[in-house]
Structure formats: C-alpha cells, structure tokens
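Me: Please explain the terms applied to the following structure, setting each value against the definition behind the term.

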Amino acid sequence: MRAGRDVYLVAEREVRERIRSRAFVVSTAFTLLLVIGVLAVLAFFSDRPPPAYHVGIVGQPSSGLRGALDLAATANGALVSTEPLADRAAAEAALRRDGVDAALFDDGTILIARRGNPDLESMLTLAVRQATFVERLAEAGFDPDEVQDLLLPAGRVQVEALEGGGADGDAGLAVATAGVVVLFVVISSYGQWVLTGVLEEKANRVVELVVAAVPARRLLAGKVAGIGLLGLIQLVLLIGIGLGAGVTLDLFELPRTAVATAVWTVVWFLLGYAFYAVIFAAAGSLVSRQEEAQAAAMPIALGAVGVYLATFVVVLPWPESVGARILSLFPPAAPIAFPARIALDAVAPWELFLGVALMVAAVYGVVRLAARVYAGALLSSGARLGWRKAWRAARHVAAG
Amino acid sequence: MLELQELQKSFGEVRALDGASLTARPGRVLGFLGPNGAGKTTAMRAIFGLVALDDGRVSWEGKPLGREERLRFGYMPEQRGLYPRMRIGEQVAWLGRLHGLAAPEAGRAAASWLDRLGLADRRRDRLEQLSHGNQQRVQLAAALVHHPEALVLDEPFAGLDPMAAEALAGIIREQAAAGVTVVFSSHQLDLVQDVCEDVAIIDRGRVVLSGSLEEVRRRAPHRRLDLALEGDAEWSPGVPGVERLAGRNGLTTYLVPAETDPAALLADAARAGRVTRFSFQPPTLSDLFREAVER
C-alpha cells in the first residue's frame, strides 16, 4: 500500500504543479486552437462548387440524349451544358483549345482530349447508353417522353459498401491522419516533459531528499503517471473537440470507425506514452544540467520523428501493405502506426491482439531497463553519464 | 540508538568506506567529523539506503534499519535542493506527507516550522523567490516537518553565517533535548565542537576516534598550551616533552604531555619573561585528528 501512496503523492504533485504552470495552459490552449483552426480551414476549402462540363454534340443526336445527359449529370452531382459542333474536325479543334470538355457523336462515340477524368467518362457513357436505350424503346413503339419519365427515379443510386474504403474512405483517412499527428505530438511532447521534469529534480538536487523517502522506481512511476494523466486529458480534449468541430463544421460525418478509433487512440497513447516516457526519463537522469536537456532528448525525439514520418509515407497511403503491417507491429512505431490502420479499417483482430501484446511486452522491457538506468544515474552529478555506465552504477544504489 | 557497523563500500578503485562504525544515541548530538572525501556523505547516504553497501550493517534500535523506520528519520543531504517553483508551505507539507503524515497534519507541521524559522509570511512564496539563507531554513524545515526520531544532517553548517549557525545549533540542541538522535557531519572540526556531545572522527573510510567529546579530549595524551610573553621574549622550555606547534601574532602554541603540571609550566615560562597570556587546555578536535591519523 505504501507503494501506491508514494506513487500517488508524486503524481499528485506533478499534476498540481503543472496545471498551474503557464507552459501547460499555453501549450494546451495553443494545441486546441490549432486543431480548430486546421478544421476551419479544411471546411472552407471543402466547400468546392460542383464540377461543370461543357460538351460538344456532333451530328444529329437522338431525341433522348439531352434528357439522358441531364439525368447522368444529376446522378454525378455535376452541371452539364452543350453546344452543337459541325464535324469531327471542329470537335477536335474545340477539344484542343479547351472549348469543350468532351464531344459526343451521333454514332455513340465519345471523344475526349485525354484520359484521366473517369467521372466525366462514366457520366457520358451512362448518358449515351441511356439515350440509345430510350431510342430503341421509341423504335419499339414506346412514347419517348414516358420512357424518359420512367427513368427519372433511378437518377440517384445509393451505394453501400460491405467493407471500408468506399463511402468512409475520405473521412477515415482524415481521422487517421489527424490521429497520427495528434498521437505523435502528445506522446513526444509529454514524453519530453518527463525528461525535463527528471532533469529539473536532478539539477535542483531535490532528488536525493525525495529518494531518501521514496524509492527511485516509485518516483519514476509517479512522475510518468502524473504527466501522463495530463497528456491523456489533453488528448481526450483534442479528440472530442476535433470530432465535435468536424461534425459541426460539416466537414465529415463521423465515419463508422470513429468511436473505435478514438478508443484505440487512447489505448495506444497510454502504451506509446509509457514506452517513450520511461526512456525519456532515463535519458533525463543521465545529465545534470538544464542546458543538456536538448542533447539528452535528441536521439529519442529523432526516433519518434522517424516512425512518424514512416507512418505518413507507408501506413497512411497503403495501410494494408506489408510495410504497414511490420511498422504497426514494431513497438516504437506501433503507437502511431496502429491507430492509423484502425482508422483506415485495415486491421485484422489477430493483428491487433499481437500488436498490443508485443507493445505491452516492450513497455515492460523498457520500464525494467530505464528504471534501472534512472535509479543508477539519479544521484550522480557532474558530467553526462553513458547508458551503460548508469546501468552499472545501479549496483551501487541500494533501494531501487 | 543508530548504529553503523563495519561499513564497507568501494566505487571501482575508490574505497569510500573501509570498516567505518559509529553509534549515535537518543538525546545526544553526534558530530561525524573528518576531512573532505573521508566517507561522511557515503556513510550518511547508506543510512538512507541510497548506497548499496558491500558489507556492514546499519541498525536502529537493535534491528536492521528498513524503509519504514527510515521514514521516521529527517535528512538534510549534502547536496541541498528543493523544488524551485513550488510554494514553500506546500513543499514542506508535501515532504511531510511523503514521510507518512496525513495531509492536514503535514500542513500544520509545515506551517509551524516555517513560523518558527521566521518564514511565516513567506509560506505562499515560491522557493526561488527566497534568499539563499531563507532557502536553507526551508531545507531545515523539510528535514524536521515529520517530527523525526533521528536527524541526519550532512554538513548542515556549511555556508551559514554565524547568526544562522547559532540558530541551527540551537535547534539541534533542542531536538536532542527532546530525545531525538542527532548526527551531523562537518569537515570543519573545531567550528562544531560546541554543538556536539559525542564525536566520531573519520578518515579514509575508517572511524579513527570516537566517544563523548569530553572523554576523547581527556583521554588524549597531550594538552594544548597557548602562551604569550611580553616583548619578543623567547621561552626555551625547561620542562620535558614540550613540543612547539605554531606561533602567530606573539602567541605560541605548544603540545605538552597530559600529565605535565600547568603550574610548573607557568613558572618555567615566567623565567623567560612576563607572561601576558597562558592557556592550558585539552587539545582541539583538529589536534586530536592530526594525532589520530599522524599527519
């Protein structure tokens, strides 16, 4: 019970002192404003007008073509205007000078300047097929106008997907991207807070007084827990405000994966933070002066940036690739890469289980390693210690 | 009773403790004295489990000293330090809670010690807003807040002005009078001989001399004679065993065998000139230390 009380007292002090500090208030407010700002900018640019196409018509089009074009345009959320063109040469010329986006011939040919706009191609194909269909029905004796009316309700077709990618794709990617950024920022900034906190205790030499009463490992646990709680609060605020603002600004509908992603983001934050925070703590215990904080944090911060970039380059574009799978199972990268794959709905349950298991094992390993280095280095002063030296110095420290 | 028995500790090639032993008794002040690097800090850290001993035992009231008992000790490490941005009232109270006090009791004890040390109106200030001297007082409050049964102070007088040193000596004596076991270390042997009742003198990891101050001084084979003669008169002692130690400002110091009769010395000196100063007393701790380590 003593251990729990010690850890609680240390954590409580961390939370109380930091919540009062200007640095915490400012950084939290700044991050939240940043998220809201980014979402607002996205909302502004996502209000794009519907695409408008100008289509040239060569020869005598069938009577239903005009109606079919309108129908297809409506179905695609596009606007279509037409102009008659004399012949193929005129059509080609108009296409070359961008006078029209496409030309339709009365034999059913669709002429475009170059491939690359599948929306336009499919829309025109649909229109031509429908016009031909209406024409044939008319030839068979049906009234073209009635036929046209019959086709109307089919103007909008709902597509439902069994698996992700389809309708959720964009929103899923947005959530995944935001998750990667937020996780990286929160894990690395709060991890570095642990480092500076450890270093502060050493530099101010208060640590000897504290470890005379509280074993070094409990001090480490309390510090990591206290700062982690603040990180968790900030993360939950970010997720809540981010999703809330996104929905309010009509930026996205909550994708199906949103809730699961949010929950898993918190789980992976806790694992990732624990992993990085204890390494940062050990690194902080190796130096004795505030000026050395940057140098101490550098290797770890670089590692975190590395997995962050790798997640951007590999996981976000190809969440189901071998590279993404490996990254998301590799403990230092997993806390950032895994939630992204979850948001993109690209994770098999066994993978998640394996990933969490590997991560928990890795956290256990680094806690063992880092706690010993921390305990060994805590009472050293003067020159920067190496990891190995601190590991060996732990032999001289009685109560770990 | 706090006992250190045959403590051994090496850091690589360096032997910090080489069989050091000492005993501190309740209600008494033990001065743990010795030059810098003699092993005082290592021994004190060993009391708090901050150093893994190669051998030897630390015991309290006859039993091995454990974590629970240690929480009832007050500690002032050689490396002073507290949280610079934490308010001192909260800081001292927090340290009290760390040593097992409940929050309300810790708050009361912190307030009462800070009042006592003249910091009543600074309780809500951050440590870094205080002068160096006041920070030292907070450090003392931190060692005392949880009503410790034993006080272990590593170089508590270092860097104090005479007023602050006198105030600290008063608190140390008062704690001992209340039954607390007090150990403090110092490398300035003579400055603290008024404060302690018992001494343990350490050199190169071994305690070379220990006991009550009075007994240790009485047991010494020499006495210290300070003598001044009028003018530049020179005394060539006619008494056997007198050894000239040093002379400064007309005052000359001699070491003489303890059994020498002071009256005979005075009479012998008076033959050389008019005696303006004459003091015959037990050796200082520095003298004893020199004798013990023979250098």
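Me: Why is B:R224 called buried?
Reply: In this predicted model, where local features need pLDDT of at least 70, side-chain atom pairs count only at pLDDT 80 or more, and totals for chains, interfaces and linings use all residues, side-chain values use heavy atoms, without hydrogens or water. Residues are numbered from 1 along each chain as its sequence is written, while chains are lettered from A and ligands numbered from 1 in the order in which they are written. A residue is buried under 20% relative accessible area, exposed over 50%, and partly exposed in between (1.4 Å probe, protein chains only). B:R224 has a relative accessible area of 17% and is therefore buried.

Me: What makes B:D226 and B:R224 a salt bridge?
Reply: The term requires a side-chain nitrogen of Lys or Arg within 4 Å of a carboxyl oxygen of Asp or Glu. The closest N and O atoms of B:D226 and B:R224 are 3.8 Å apart, so the pair satisfies the rule. B:D226 is likewise buried, because its relative accessible area is 12%.

Me: Why does the pair B:R173 and B:E166 count as a salt bridge, and how is each residue classed for exposure?
Reply: The closest N and O atoms of this pair are 3.9 Å apart, so the distance limit is met. B:R173 has 36% relative accessibility and is therefore partly exposed. B:E166, at 48%, is therefore partly exposed as well.

Me: What does the salt bridge between A:R218 and A:D6 tie together?
Reply: The closest N and O atoms of A:R218 and A:D6 are 2.6 Å apart. A:R218 belongs to helix α9 (residues 216-248) of chain A and A:D6 to helix α1 (residues 2-20) of chain A, so the bridge ties together parts that are 212 residues apart in sequence. Helices (H or I, at least four residues) and strands (E, at least two) are DSSP runs, numbered from the N terminus. A:R218 is buried because its relative accessible area is 16%, and A:D6 is buried because its relative accessibility is 0%.

Me: How many salt bridges does the rule give over all chains, and which residues are linked in a network?
Reply: The count over all chains is 35 salt bridges. A network of them links A:E12, A:R16, A:E17, A:R20, B:E90 and B:R97.

Me: How do you know that B:T181 is buried, and which residues does B:T181 contact?
Reply: The relative accessible area of B:T181 is 1%, so the residue is buried. B:T181 is located in strand β8 (residues 181-186) of chain B. Contact means heavy atoms within 4.5 Å. Apart from neighbours within four places in sequence, the contacts of B:T181 include B:L2, B:A24, B:R25, B:W60 and B:E149. B:R25 stands 156 residues from B:T181 along the chain, yet their C-alpha atoms are separated by 5.6 Å.

Me: Why is B:R116 called partly exposed?
Reply: B:R116 has a relative accessible area of 42%, which places the residue between the two limits and therefore in the partly exposed class. B:R116 lies in helix α4 (residues 103-116) of chain B. Beyond its neighbours within four places in sequence, B:R116 is in contact with B:I171 and B:E174.

Me: What makes A:F30, A:L34, A:V38 and A:L42 a patch?
Reply: Patches consist of residues with over 30% relative accessible area and no salt bridge; like charges are joined within 9 Å, and nonpolar side chains (Val, Leu, Ile, Met, Phe, Trp, Tyr) within 5 Å. These four residues form a nonpolar surface patch with about 400 Å² of accessible area together. Such areas come from the Shrake-Rupley method with a 1.4 Å probe; for residues, only the protein chains shown count as cover. A:V38, in helix α2 (residues 22-46) of chain A, has 46% relative accessible area and therefore passes the patch threshold while counting as partly exposed.

Me: Why is the patch of A:D143, A:D145, A:E146 and A:D149 called negative?
Reply: Asp and Glu count as negative and Lys and Arg as positive, whereas His and the chain ends are not counted. The place of a charge is NZ of Lys, CZ of Arg, CG of Asp or CD of Glu. The members A:D143, A:D145, A:E146 and A:D149 are Asp and Glu residues, so the patch is negative. A:D145, in helix α6 (residues 144-151) of chain A, is exposed because its relative accessible area is 55%.
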